[in-house]
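Subject: The structure you asked about

Hi,

Here is the structure I promised to pass on. Have a look around before you read my notes, then come back to them.

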Amino acid sequence: MNNTIRIRGAKKHNLKSLDLDIPKGRFVVITGVSGSGKSTLAFDILYREGRRRYERAVGTSSFDDEEGFDEISGLVPTVAVEQRIIRQSNPRSLVGTRTQLLGLMQIVFSLAGRYTCYCGRETDERRVCRDCGHRVEPLPTGYFNFNSPLGMCLACFGTGKVSALTEEQALQGRNSVSLMRGTPGKLKDGLKRLGKAYGFDPNVFYFNLSPEAQRAYLEGDLSVGYEGLMPFLHRIGAGAEGLGSSICPSCSGTRIGEEARNITIEGLNISTLAEKTLCEQADFWEELSGRIVRADPNLAQVLKRIRTQIYALLDVGLSHLSLYRQTPTLSGGELQRLFLASHLDSDLESLIYIFDEPSVGLHEREKDRLIKRLKELQSLGNSVIVVEHDPSVIRSADWIIEIGPGAGKDGGRIVYQGNLEGYLSCTESRIATFISQGDSPIYVGFGEQRHRIQVTENTPRLTVYHANLHNLKDISVSFPLGVMVGVAGASGSGKSSLVSSTLVPLLANFFDSIVEADLEDDEEKEQDAEELKDAELKGADMLTGVLLVKQAPIGRSKTSTPASYIGVWDRIRSLYASQTAAKEMGLSSGDFSFNSTGGCTECGGEGIIKKETRGNTFRWPCHICGGTRYRPEVLEITIAGKSIAKILEMSVDDAIDFFPGDIGISGPLRVLQQVGMGYLRLGQPATTISGGEAQRIKLAKELGRGRSGNMMYILDEPTTGLSCADVTQLMSLLRSLVDRGNTVLLIEHDLSALSQCDWLIEMGPGGGHEGGEIIAEGSPEILVSLQASVIGKYLRRGVGEL
């Protein structure tokens, strides 16, 4: 039996013909600085080849691109848990549906819920009326399922909200592309039939249609089998999460019909219970399971499975979630831990599992439970490979692989492969110096740190009074200004509720705009506004502005790129259009955009041809443009021998060298380089950029503006996706903002970032109903000495070294 995964000549992206032997059945960590090539090795080589071989074996392979290696042996079916692979977009996908816990609860409510007898009295757990003794027949489980026609509230189609989506909003973004490209996939067959019936080509634009055809496109025509754009969007709940939506008046947001709403356990219907946190649900089922089983022994296994799954979710740091939490609103780390908890119950063995930074968003004390769960998955006979930066996860590995030593062209080599003992003495590694072999999770070697600013009684403060949103317990808290403030605490302790959902909306009352385009994506703003009515904010007059830097994408389409976001793309296209050859050919700057007139006519500027056959999607490079996405004549225009397509393939580092004299291009790119993003390709699709990367790109754009002082910068876990070495670089840049007289407010778990803050506010002590309070605040040195502080115990060693 082959006990290793043997890789020879791995050379995809920046990998430099790597040879590796990865032991099977072990807990393996792949680490390295951001952009070093570790994700390419884990996901683009191992995962894709493992999946390709499995799908070829069953005859369903849809991968037709280049392999990127010379030889791989020892592979078995591979499961990837990469943040962008498991990202959800269906608003009906909930934690409860993903884990199947809602399905199990539907059985319990059907068989053991309290019904109303025909005589008007309530039944017991056996569904027997206490007055007349009649036994009520159980309601079928479908009536408790909001995704079923039997159980959904018909007024809101099971979404709990009534959509206020207008035709103008539905057409926004669709006006600029053809009908076929802008229409949801499930409507495209019907659109073709509609085109035949109304005499139009589905590849034309909406505004080219006759008024009659426009109305049919929007409202539908069932006589030709076309549902209509508006009915379809309303049916799937599109627009039901926006500012114009409202709670469904029929079901009061519970999603289910009246029959199921009237059936309760301990006074709670299934929707009310599903809205509670998993921590609260654990207590609920622990207390009632025995009584329910005595009433109906057939439910013993169902209740056991409910409790087992809930405790598995608690063990991976998800106690703050509810079963009705929509999966599209979860962070990448939360999604992965949700996936991990469900796979621990699968009893599958001899697989390869690859995880992408599963520790993201976890408090230090929660990481131990995560590592334990990962090793449980390994103990079932699986190989567990984790792409990670976290020192505690790296220390727990059986085998460590570091790719580097730098990013982009400076990476792609094997810096180290072996056990922890050998890794700690690896002199070439940029990561090993941050790893301690001791019990303390704080790491050494963070380099020289700037002297901390002392916060005194005279330090001006921004103060929030009576914060009671979500689990916040009517707290008041002051944020010192002109310093770096860190908000820490366990998952679900109330950090985001305090900062993102309370402080930010209150600040929005004082400023015309808080600079972040995705503010309107926040959920349940109407309910939040109601809970914020008692909250007050004082001290906002001391700020000149607020910048909220979130982890939302920099763009939601494949045509959005880092170059376009930071504003250098127009300048680059203008340079190409100014070339003599371009002028002679009559080319304008628009011709140097693959998303405009310069795009290849065969593939529509996508660079690939896609074909769907029997449920499989086949992709191959466009035979006209060769995957460059441009018309051939556009590629004839070059600068220093490089076409516009070659510029898009350049990394930020390479582009700085290529445009050294053009400050309009190299200036913004140098700031990107300073925030550790030098490895990014200028034309990398925004859809492939992680939340942490998107946040740093936004930060770079803001740093390039050079605003005056007294700004407040609010960042949510900016160290996500960064190695220890990269964190020091980021913190230095954030410090530069403070040095200019600004305030930086971080929601963070990373110990190195927290140890460099001037002031810490710690929420807790736990998550959910066990959180919502300020348990400690002060400088890192103060928290180290406070018995009530949880994070202080982990900071102790690091602070002593400052």
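Below is what turned up in it, going from the whole chain down to single residues.

Keep in mind that this is a predicted model. The protein has 30 helices and 24 strands. Of its 802 residues, 56% count as buried. If you take the contacts with a separation of 6 or more, 68% of them come from residues 24 or more positions apart.

Now for some helix pairs. Two packed helices are described by the angle between their axes and the distance between the axes. Try helix 6 (residues 188-198) first, as there is plenty to see around it. Gly190, Leu191, Leu194 and Gly195 in this helix are buried. They span an arc of only 145° around the axis, so they sit on the same side of helix 6. Asp189 and Lys196, on the other side of helix 6, are exposed. If that pattern looks odd in the sequence, remember that an α-helix has 3.6 residues a turn, so residues three or four places apart point the same way.

What do the buried residues of helix 6 pack against? Their partners are helix 5 (179-182) and helix 7 (211-219). Helix 6 and helix 7 pack at an angle of about 155°, and their axes are 11 Å apart. Because angles over 145 degrees count as roughly antiparallel, helix 6 is roughly antiparallel to helix 7. The crossing of these two is right-handed. On the helix 6 side, Leu191, Leu194 and Tyr198 do the touching, and they meet Glu212, Ala213, Ala216 and Tyr217 in helix 7. Sorted by class, that contact has 6 nonpolar, no polar and 1 charged residues. Just after helix 6 comes Gly199, with a positive phi of about 70°.

The other pair is helix 3 (residues 101-112) with helix 12 (residues 300-315), at an angle of about 150° and with axes 10 Å apart. This makes helix 3 roughly antiparallel to helix 12, but here the crossing is left-handed. Leu101, Leu104, Met105, Ile107 and Val108 in helix 3 meet a set of helix 12 residues that includes Val302, Ile306 and Leu313. The contact is made up of 10 nonpolar, 1 polar and 1 charged residues.

While you are in helix 12, click on Leu314, which is found there. Is Leu314 buried or exposed? Leu314 is buried, with a relative accessible area of 14%. Leaving aside neighbours within four places in sequence, Leu314 is in contact with Leu278, Cys279, Ala282, Ser319 and Arg369. Its C-alpha atom is also 9.1 Å from that of Ala341, 27 residues away along the chain.

Last, a few backbone oddities. Most residues other than glycine have a negative phi, and most peptide bonds are trans. Here are some exceptions to look up:

- Gly404 to Pro405 is a cis peptide bond with omega near 0°, and Pro405 is in the loop between strand 10 and strand 11.
- Gly764 and Pro765 are also joined by a cis bond, with omega about 5°; Pro765 is in the loop between strand 23 and strand 24.
- Arg255 has a positive phi near 80°. This residue lies in the loop between strand 7 and helix 9 and is buried, at 6% relative accessibility.
- Ser350 has a positive phi near 60°. Its place is the loop between helix 13 and strand 8, where Ser350 is partly exposed at 42% relative accessible area.

Have fun with it!

How values were computed
Residues are numbered from 1 along each chain as its sequence is written. This is a predicted model: local features need pLDDT of at least 70, side-chain atom pairs count only at pLDDT 80 or more; totals for chains, interfaces and linings use all residues. Side-chain values use heavy atoms; hydrogens and water are left out. Axes are lines fitted to C-alpha atoms, for helices over the stretch in contact, and angles run from 0 to 180 degrees between N-to-C directions. Helices (H or I, at least four residues) and strands (E, at least two) are DSSP runs, numbered from the N terminus. Angles under 35 degrees count as roughly parallel, over 145 as roughly antiparallel, 65 to 115 as roughly perpendicular and the rest as oblique. A crossing is left-handed if the near helix is turned anticlockwise from the far one by less than a right angle, and right-handed if clockwise. Contact means heavy atoms within 4.5 Å. Ala, Val, Leu, Ile, Met, Phe, Trp, Tyr, Cys and Pro count as nonpolar, Asp, Glu, Lys and Arg as charged, and the others, Gly among them, as polar. Buried means under 20% relative accessible area, exposed over 50%, partly exposed in between (1.4 Å probe, protein chains only). The arc is that of the directions from the helix axis to the C-beta atoms.
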